[in-house]
Amino acid sequence: MDENQENDNRDEDNMSDESNEVQESNDRQNDLNSSTTDDVSIGPGVIADEPGIALASDVLPENILILPIQQRPLFPGLTVPLQIGSTHVPKIVEALNKQTHSVVGLVLTKESQEDDPLLADLYDYGTAARVLRFGEMDGSIQILVQTLRRFRVISEEKQDILRFWKVKYFEDRDQQPGDDLKAYTMAILSSVKDLLKLNPLFQEQLKMLLVNFNYNQPGLIMDLTASMLTAEGEKLQEILETIPLLTRAEKLLRLMREEIQLLNLQEKIKKSIEEKISKQQKEFFLREQLKAIKHELGLEKDDREAELEKFQERLKDLKPDKEALKVIQSEMEKLTLLEPASPEYTVSRNYLDWLTSIPWGVYSEDSFDIKKAREILDRDHYGLDDVKERILEFISTGWKTGHISGSIVCFVGPPGVGKTSIGRSVAEALNRKFYRFSLGGMRDEAEIKGHRRTYIGAMPGKFIQSLKTVGTANPVIMLDEIDKVGKSFQGDPASALLEVLDPAQNADFLDHYLDVRFDLSRILFITTANQLDTIPPALMDRMEVIKLAGYIMEEKIQIARRYLIPRALSEHGLKETDVEITEDGLRFIIDRYAREAGVRNLENRIKKIMRKTTLFHAEGRDNPARITVENIPDYLGQPVFPEEMLYNKSTPGVVIGLAWTSMGGATLHIEATDIKSEKGSYKQTGQLGDVMKESAEIAYSYIRAQAERYGIGADYFDRNFIHLHVPAGATPKDGPSAGVTMALAIYSLARKLPVRSGIAMTGELTLTGKVLPVGGIKEKIIAARRVEIMELILPRDNLKDYKELPDYIRQGMKVYFVNYFDDVIKICYDGNGVQSRTT
């Protein structure tokens, strides 16, 4: 007979012996019904028959194999199946086969050890159990056991990975309980009945407990009751380790009360949820019944019919072209065939919603009243006469032709000069709706031309969205920050704008989402930018550029008095008598705190004064605030900009130049110095860009080449190291317009002749001494006026730009227009220091 056959026969013998012993035990229990081994169930949690007490000490061995169990301990009196997973299952099977008895110890692990429970730490108390059957399956061992009695470890012996304990057993003998123990047992049974009402999971087992056991077995009643609880393993282990019955009963009752409270809370939550669900279901059924009744009576239509009627009603006020009308009708027919629950229904409904929401053929009536337009522009903006004149020219063209179309205007200027607000005024003057959105940082082409309808969350582009918002097909749409459009792998929005802003193409604009052409030619597009360099040439070619230069001191004062101060007073709840800003104080704020070309920073400074005043009022100081030069630092802190000081005229090598920045015009003090050196060389500093470095090198080369004619020593440049610096060093600078200024600084240094004070200049210089035109003339002149420089030297070719300037900017200025650098020297030195140039 092979080894497997021997194991099978041994298992059968164990089962037979076990059945006989259980039968003998049942016969000795007069208060219980007799039963046989056929009545023993292998299901979880079934009550087992207690073996005979008289023979227990003889049957249970002193040394037993320990099997770890996880999650919760097992109590005496149960027949339960167990499954133990471990990499050492063959060793467990071998040990069970070698035993001369069928008893093992079941001990709870202190912490979960899923990989191999044999390695986990164990509690000192466990439950002895008789193995009724066992078998190996899929890397784990399945055992059917009958739990018998508590035990405590005395000593441990390890054989390889397996543990063998010498244990001491604890017996709960059948006895007539005293009054205290009987009272505890009755309380436990009463709590068991409460659990029956709340938790149906163990009803059958609990009913068997109440029927089959009496008060002479209080320990068994407690153990079986504890095994039914859902408490944590640590709390159940504490009950297992409690030997005195009174103490055990007290702990068990406390645990049962917690269980009952938890079940009551669960029942309360369950009822609350059921009530809500029941109410919602009831309301749903009632609504469906009401809807069906109304539908039968013709009082209400279903969702699909209601949607179709809504779309038909919208179409009555629209005038779509033949292509669009065909698509709309086709989609409506498609919608009637789709089920409302289908995803395609939602896509089709949203598509129809957009098609019937945009203003097909809906136009607002234009107003070409030039007088009214001029009043609106003068009301909202001070100065900017040249800009207003250009805008009125556009409006007058509409007055003559009856419509304004094909016009794309681009306002270019520093921040805060009123580009966006002018767009609003234009819309009001034309009696059109106004819509604005920013292109700054836009990287996705779909923002312009829409998404394909097949994408989740697809929607039209910004232009179609704007038309739906304003409700007319001829609004004024302002595209802010067109010079800051981004570009990414998702497309080039600037290229997508070409179709929108091209008068020859936008009459048939095709949005990817609509997939139907829409006429954008009646829209007046106004774009804004701080500079033109970053705008693609193809896009620039489609726009009419109107430049807005910065404001001079007098203009800022008027803007502050007319607009900024009254608006700030109103926003902060103050009266005119609460705050007074003196004329000198306002000039000081503009010059030392808000020197930028625009007025946005000036407005912020005025608001800060108002906030400070409201704080004083909140603290009980209601005296009117009078803002003067002396107390402005108390409101605004120390000045941001230092006072611009002009260099002393006795400083050779220092010349004042004029520069243009995105913030407006600025003045530059270009300095040059020489250092004795055996070998002449040249260096420039001041964080100059490549173009400006080239201008500096041209200036040095030109003066050195013309040294003899200009009266400079022949060996001056061979014996001196020339250093050219453009403050401030932390500010990046670039451009060719400082060429003349740098050449004059080197000339002044070499001749040791200071340039007379009160004069500034700009212009590009060539190697032959020719002075070329530059840009930003208006901004540069404004910057000169700001520091009270009234004499300027400009290139001859910029005369036309100067003549276009308003009279109030040119007033008091003395401007020299030059063709060659020799002319610059004659002007700065009153004709001295240069020989006649033959040309």
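Where in the chain is the place of K752? Keep that residue in mind; the tour ends there.

**Whole chain**

Start with everything displayed. This is a predicted model, so colour by pLDDT before looking at details. The protein chain averages a pLDDT of 81, and 87% of the residues score at least 70. Among its elements, strand β24 (residues 791–795) has the highest mean pLDDT, 93, and strand β1 (residues 46–47) the lowest, 36. Select residues 1–58: the pLDDT over this stretch is below 50, and it has 71 contacts in the model beyond near neighbours in sequence. Then select residues 832–839, where the pLDDT is also below 50 and the corresponding number of contacts is 17.

Switch to a cartoon. The protein chain has 29 helices and 25 strands. Of its 839 residues, 48% are buried. Among contacts between residues at least 6 apart in sequence, 74% join residues at least 24 apart. With a surface shown, the protein chain exposes about 42,300 Å², of which carbon and sulfur atoms supply 49%.

**T147 and its surroundings**

Select T147 in strand β6 (residues 140–159). Is T147 buried or exposed? T147 has a relative accessible area of 1%, under the 20% cut-off, and is therefore buried. Draw a distance from its side chain to the backbone oxygen of F75: the value is 2.7 Å. Next, show the residues that T147 contacts outside its neighbours within four places in sequence. They include L74, F75, P76, G77 and L78, together with L106 and the run T127, A128 and A129.

**A226**

Keep L74 and F75 visible and add A226, which is placed in helix α6 (residues 218–228). A226 has 0% relative accessibility and counts as buried. Its C-alpha atom is separated by 9.3 Å from that of L74, although the two residues are 152 apart along the chain. F75 is among the contacts of A226 beyond four places in sequence; the others are R72, L236, I239 and L252.

**Helix α17**

Move to residues 493–500, helix α17. Why is this helix described as largely enclosed by the rest of the structure? Six of its eight residues are buried, so the description follows from that count. To see them, select P493, A494, A496, L497, E499 and V500. Then show what these buried residues pack against: the helices α15 (446–449), α16 (462–470) and α18 (537–540), and the strands β10 (476–480), β11 (509–510) and β13 (524–529).

**A nonpolar patch on helix α8**

Return to the surface view and select L265, I269, I273 and I277. These residues form a nonpolar surface patch with about 350 Å² of accessible area together. One of them, I273, is found in helix α8 (residues 245–297). I273 is partly exposed, at 45% relative accessible area.

**Two positive phi angles**

Most residues other than glycine have a negative phi. The last two stops depart from this. Select Q687, in the loop between β19 (681–685) and α23 (690–705). Its phi is near 55 degrees, a positive value in a residue other than glycine. Q687 is partly exposed, with a relative accessible area of 43%.

Finish at K752, in the loop between α25 (739–751) and β21 (759–761). K752 is not a glycine, yet has a positive phi of about 60 degrees. Its relative accessible area is 44%, and K752 is partly exposed.

Key. Residues are numbered from 1 along each chain as its sequence is written. This is a predicted model: local features need pLDDT of at least 70, side-chain atom pairs count only at pLDDT 80 or more; totals for chains, interfaces and linings use all residues. Side-chain values use heavy atoms; hydrogens and water are left out. Patches are made of residues with over 30% relative accessible area and no salt bridge: like charges are joined within 9 Å, nonpolar side chains (Val, Leu, Ile, Met, Phe, Trp, Tyr) within 5 Å. Accessible areas come from the Shrake-Rupley method with a 1.4 Å probe; for residues, only the protein chains shown count as cover. A salt bridge is a side-chain nitrogen of Lys or Arg within 4 Å of a carboxyl oxygen of Asp or Glu. Helices (H or I, at least four residues) and strands (E, at least two) are DSSP runs, numbered from the N terminus. Buried means under 20% relative accessible area, exposed over 50%, partly exposed in between (1.4 Å probe, protein chains only). pLDDT is the predictor's confidence in each residue, from 0 to 100. Contact means heavy atoms within 4.5 Å. A polar contact is a pair of N or O atoms within 3.5 Å; within protein, one must be able to donate a hydrogen and the other to accept it, and residues adjacent in sequence count only if both atoms are side-chain atoms.
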